[in-house]
Amino acid sequence: MLEVFFLGTGGIMPTRERNVPAIALRYRGGIILFDAGEGTIRQMNTAKLSPMKVDKIFITHFHGDHYLGIPALIQTMNLWDRRKPLHIYGPKYTFQFVQNLLNSGFFRPGFDIHVHELGETRLKFGDYEVWSFKVEHGIPALGYVFKEKDRRGKFLKEKLREYGLEEGPILGKLEREGKIQWNGRIIRLEDVTGPRRKGLKVVYTGDTEPCERVKLFSERADLLIHEATYLNPGDRGESYHSTVEEACDTARRAKVKLLALFHRAFRYSYEDYVKEALKICESLGVSAVVPKDFDVITFKSGTWELRNLLEERG
C-alpha cells in the first residue's frame, strides 16, 4: 500500500487556508518527503507523521516555499535524539544551500546528513526507484518519479496442484531462485504464477512551465502531481509556471490515470479554483482532483481513495 499525504498544497506563500509545498509518501513503514516548505514540521505533526520516519528528502528547487522547512525538521529530529542518517537530494547547488542552512545559528545536528546533487538520475532503493528529471523553471529545478518495482504474478492454485506443489518452503525457494527441480521436472516461477503486476508510479513536477520532459516521464503514471498555479495564462505573467489547462493537457497526452492539481496561487480561493479547474479537466477527458492540505490519496489493490485527515477526525 502507498499513501500520498498532501501536507502543503499552495504556492509562493502560506495562507490561513493552505500551507506551502510538502508531499509525504508513506511506503512500507518509511516516509519520503518531496519538498519541505516553511511549516512542514507543523503539518507533519497535525497529520501524525513522525519526522523520525523520514529517511529521504527530495527538493525540487531552491525557492523558499519549497525548502525553508528543512531546518525545523532537522532540529526536531535532533531534539528527539535521532541517530540514523538523513539523505537530502536536489538539483545543482543543493550542497551549498544545505550547508548554509546547517551553519545558521548555534546549532549542529548530532546525526549524519548526506547531501546529493542530481541531474537526470535513476536511484535504486530496494523495492522502489526514484528518477529525477529536469523541468523548466528559470533556475536549476527537478521533477521526480517514484516507481515501485514490478512484482511477480500471484500463485495460481490450479497450477500448483498440477505440479504437485504446496504452500511452504518450496514456494519460497521457487520465488528466490526462479526455478526448481520437483518430481523430476524443472518448474519455473512463471509456470505457476499469473501476469506480472505493474508497480505504482507517482510523478511530482515541482514548479515548471509546460515542457515535454514532464510528459515523457509521466507516461502511464498512476498519479501525476502537476503544478497548476494559475487558472489562465493572463494571470501567469512572466513567471515560469503552468496553468490548469496545460497540466491537464500533459496528463491527457501521457495517459495518466489520475491528475492532482497542485501549487495553487494565493489569489484564488479553494472553492473558486476547484470549480473552474475540474470543469477544464472534464472538458479534456482527464480524471483529476484538487487536493487540500491534509488530503491523502491511498493506493491499494489496484484502486485509489481520497480522504481528508481533519474531516475524519471531525
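Me: Is arginine 252 buried, partly exposed or exposed, and what is its relative accessible area?
Reply: The structure is a predicted model, and the class follows from the computed accessibility. Buried means under 20% relative accessible area and exposed means over 50%, with partly exposed in between. Arginine 252 is partly exposed, with a relative accessible area of 40%.

Me: Which residue forms a salt bridge with arginine 252?
Reply: The partner lies in helix α9 together with arginine 252, 3 residues apart, so the two are separated by about one helical turn. This partner counts as partly exposed at 26% relative accessibility. The closest N and O atoms are 2.6 Å apart, and the residue is aspartate 249.

Me: How many residues apart are arginine 253 and glutamate 212, which form a salt bridge?
Reply: The closest N and O atoms of arginine 253 and glutamate 212 are 3.0 Å apart. Arginine 253 counts as partly exposed at 27% relative accessibility, and glutamate 212 is partly exposed at 49%. The pair links helix α9, which holds arginine 253, with helix α7, which holds glutamate 212; the distance along the chain is 41 residues.

Me: What distance separates the closest N and O atoms of lysine 198 and aspartate 150?
Reply: Lysine 198 is in the loop between β11 and β12, and aspartate 150 is in the loop between β9 and α5, 48 residues apart. Lysine 198 is exposed at 63% relative accessible area, whereas aspartate 150 is partly exposed at 31%. A salt bridge needs the nitrogen within 4 Å of the carboxyl oxygen, and here the closest N and O atoms are separated by 3.8 Å.

Me: Are the rings of phenylalanine 58 and tyrosine 89 stacked, tilted or edge-to-face?
Reply: The whole structure holds 17 aromatic pairs. In the pair of phenylalanine 58 and tyrosine 89, the centres are 4.4 Å apart and the planes differ by 10°. Planes under 30 degrees apart count as stacked, so the pair of phenylalanine 58 and tyrosine 89 is stacked.

Me: Which strands does the pair of phenylalanine 58 and tyrosine 89 tie together?
Reply: Both phenylalanine 58 and tyrosine 89 are buried. Ring pairs also link them into a cluster with other residues, including Phe6, Tyr27 and Phe262. The two rings are 31 residues apart in sequence, and the strands that hold them are β4 and β5.

Me: What is the angle between the planes of tyrosine 268 and tyrosine 273?
Reply: Tyrosine 268 is buried at 11% relative accessible area, and tyrosine 273 is buried at 1%. Their centres are 5.8 Å apart, and the pair is tilted, with an angle of 45°.

Me: The charged end of which residue sits over the ring of tyrosine 273?
Reply: Tyrosine 273 is one of the residues that touch the most other members of the largest nonpolar core. The charged end in question is 5.9 Å from the ring centre of tyrosine 273 and belongs to arginine 264.

Me: Which element supplies the largest share of the largest nonpolar core?
Reply: This core has 33 residues, and Val244, Leu259, Leu261, Tyr273 and Cys281 touch the most other members. At least two residues come from each of β8, α7, α9, β14 and α10. The largest share is 6 residues, and the element that supplies it is α10.

Technical notes. Residues are numbered from 1 along each chain as its sequence is written. This is a predicted model: local features need pLDDT of at least 70, side-chain atom pairs count only at pLDDT 80 or more; totals for chains, interfaces and linings use all residues. Side-chain values use heavy atoms; hydrogens and water are left out. Rings of Phe, Tyr and Trp (its six-membered ring) pair if their centres lie within 6.5 Å; planes under 30 degrees apart count as stacked, over 60 as edge-to-face and the rest as tilted. Helices (H or I, at least four residues) and strands (E, at least two) are DSSP runs, numbered from the N terminus. Buried means under 20% relative accessible area, exposed over 50%, partly exposed in between (1.4 Å probe, protein chains only). A charge sits over a ring if NZ of Lys or CZ of Arg is within 6 Å of the ring centre and within 35 degrees of the ring normal. A nonpolar core is a set of buried Ala, Val, Leu, Ile, Met, Phe, Trp, Tyr and Cys residues joined through side-chain atoms within 4.5 Å. A salt bridge is a side-chain nitrogen of Lys or Arg within 4 Å of a carboxyl oxygen of Asp or Glu.
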